[in-house]
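Visitor: I have a few questions about how this structure is described. Could you walk me through the reasoning?

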Amino acid sequence: MIERVRGLSRAAPILLIVALAIAGQAPDVGWLRAATTDSEGAERMTSVLDALADEPLVLIGFDPDVGTYAEIRPTVRALLADLLARDGRLAFVSLTAEGRALASAEIARLGRGEANPTRLLDLGFIPGAEAGLVALTGDIRVDEGDDGVLAREVEGAGIAAVDAILVIGGIDLGPRSWVEQVIPRITEVPLLAVTPTVLLPEVQPYLVGGQLAAGLITPRDGAAYRQVLELGNLERLVEPIEPRQLPILVGMLIAVAVLGQALASRTLAHVRSAGSRSVG
Amino acid sequence: MSRPTITALVVIIGLLLLADMLVVNAALGQVAAVAVDAAILVAAGAALAGVGALGARRLNDLWRRRGDPVGAVMVVVGMAAMVIAGLRPGSTGTTDPAVQWLLAALLIPIGATLFGLLFVTTLGAARRSLATGSREGTVLVAGALVTSVLLVPLAGPVGDWLADAATWSLAFPIGSVLRGLLIGIALLTAVYAARVVLGIRGADD
């Protein structure tokens, strides 16, 4: 019996992957949905974007980490497409190595999607994390080989040319560093954020306090934001398939079952031991 | 460098950056920019040194036939592939298609997969923490259980209710506990930094 339980434990990860794969192939069901009917985060993001100037120049601090990027990737891609659909000009900068790798991949993807190259600027990687952020508020260095209009504007005016800052955050570097190092050094520029849920406790007070103008922090906020987007022919830049909810549900139910079983066993053992003590 | 010199440097640079943030002065700004640039260069150098040390360590492991040879080979081959792809003659660096392929086809999926393994290891850790019989472990697992139920992506009124409850729980109980922890850590860091700067040491230092 014990051997059978051990064998099941060893096979559990493979069984989990098989279950998720089957759920991933199953057709969508109507009773599952990621977005909520009303999302304050999505509404705030849309209203801040609506209020931006014409052809806004948006500085994108692209520093997600590889582990959690899968959670925010559909929302990030939708937001980039939305900014481009609003005639936005996007300047990407990264302060972490992982962020740089992901930014590089996303910029290449936008290129493959035939996004207007005159509206994209790659400012590359700045080492030093917080020190790099402080340096960004002084002057922004552009690749010498880049002589586009956007590059010259950013190099000439620095961060003063920026109409909004969008932080794609991760565990290593997120909106907190931008709020602490950049916002006190520049004039009023709305700071927007997309981060994985794990950063919510850190980011939430900044949203309430107004240091962050808007944020898409939870998958539900992201899904609600994506649901109302109208991108026209830039629809090609978003992920073609929304995250499937059935595999997510299966994973969550497995987690709930495992935790619930362990908790119930623990409670039962506690009650038994209490009972035997009272009898004794 | 002696400890008082380091302390003096920390105090001077800290005050310089603080003054630069509070006072608009071109000369002060230029001096502060030099300090910031120096910090950036040191960080870049440290990052490069870290990568170099990792490569050297793994090569040394292979040479001396110790440790995990498969892991060492993977690290060295991975580093070599990325360096060759990015620095070979004619390469465009980080925007080179070979670098992009290595990132998009290997690095990012492997990183995400490793993070995905946390699902299994976290559940295992939760069960083990319950097995120890600690009250903290029980509370932790019960909290995780409730949060997982609230995040189930159901549609309709039940889904809306769960979403509202999840938002509330993330914003208030969970958020406040974690914010409390963050504030506590920040206070502790500030106190420790002040003790270092002022040269105050405990009896056990």
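Guide: Gladly! Keep in mind that this is a predicted model. Among contacts in chain A between residues at least 6 apart in sequence, 78% join residues at least 24 apart.

Visitor: What makes two residues count as a contact there?
Guide: Their C-beta atoms, placed from the backbone, must lie within 7 Å. A:Phe92 touches A:Ile60, A:Phe62 and A:Leu121, among others, so each of these pairs meets that 7 Å limit.

Visitor: Which residues have the most contacts inside the largest nonpolar core?
Guide: They are A:Ala91 and A:Phe92, in a core of 82 residues. Helix H3 of chain A, residues 66-85, gives the largest share of this core, with 10 residues.

Visitor: How do you know that A:Phe92 is buried?
Guide: A nonpolar core takes in buried residues, and A:Phe92 belongs to one; therefore 20 or more other C-beta atoms lie within 10 Å of its own. In chain A, 44% of the 280 residues count as buried.

Visitor: What lies apart from the largest core?
Guide: Another core, of 7 residues, includes A:Ala255, B:Ala126, B:Leu130 and B:Val141.

Visitor: How many residues does each chain bring to the contact between chain A and chain B?
Guide: Chain B brings 49 residues and chain A brings 49. On the side of chain B that touches chain A, H7(B) gives the most, with 11 residues.

Visitor: What classes of residue make up that side of chain B?
Guide: There are 36 nonpolar, 9 polar and 4 charged residues. Asp, Glu, Lys and Arg count as charged, so those 4 are drawn from these types.

Note on methods
Residues are numbered from 1 along each chain as its sequence is written. Chains are lettered from A and ligands numbered from 1 in the order in which they are written. This is a predicted model: local features need pLDDT of at least 70, side-chain atom pairs count only at pLDDT 80 or more; totals for chains, interfaces and linings use all residues. A residue is buried if 20 or more other C-beta atoms lie within 10 Å of its own, exposed if 12 or fewer, and partly exposed in between; C-beta atoms are placed from the backbone. Helices (H or I, at least four residues) and strands (E, at least two) are DSSP runs, numbered from the N terminus. Lists of a residue's contacts leave out its neighbours within four places in sequence.
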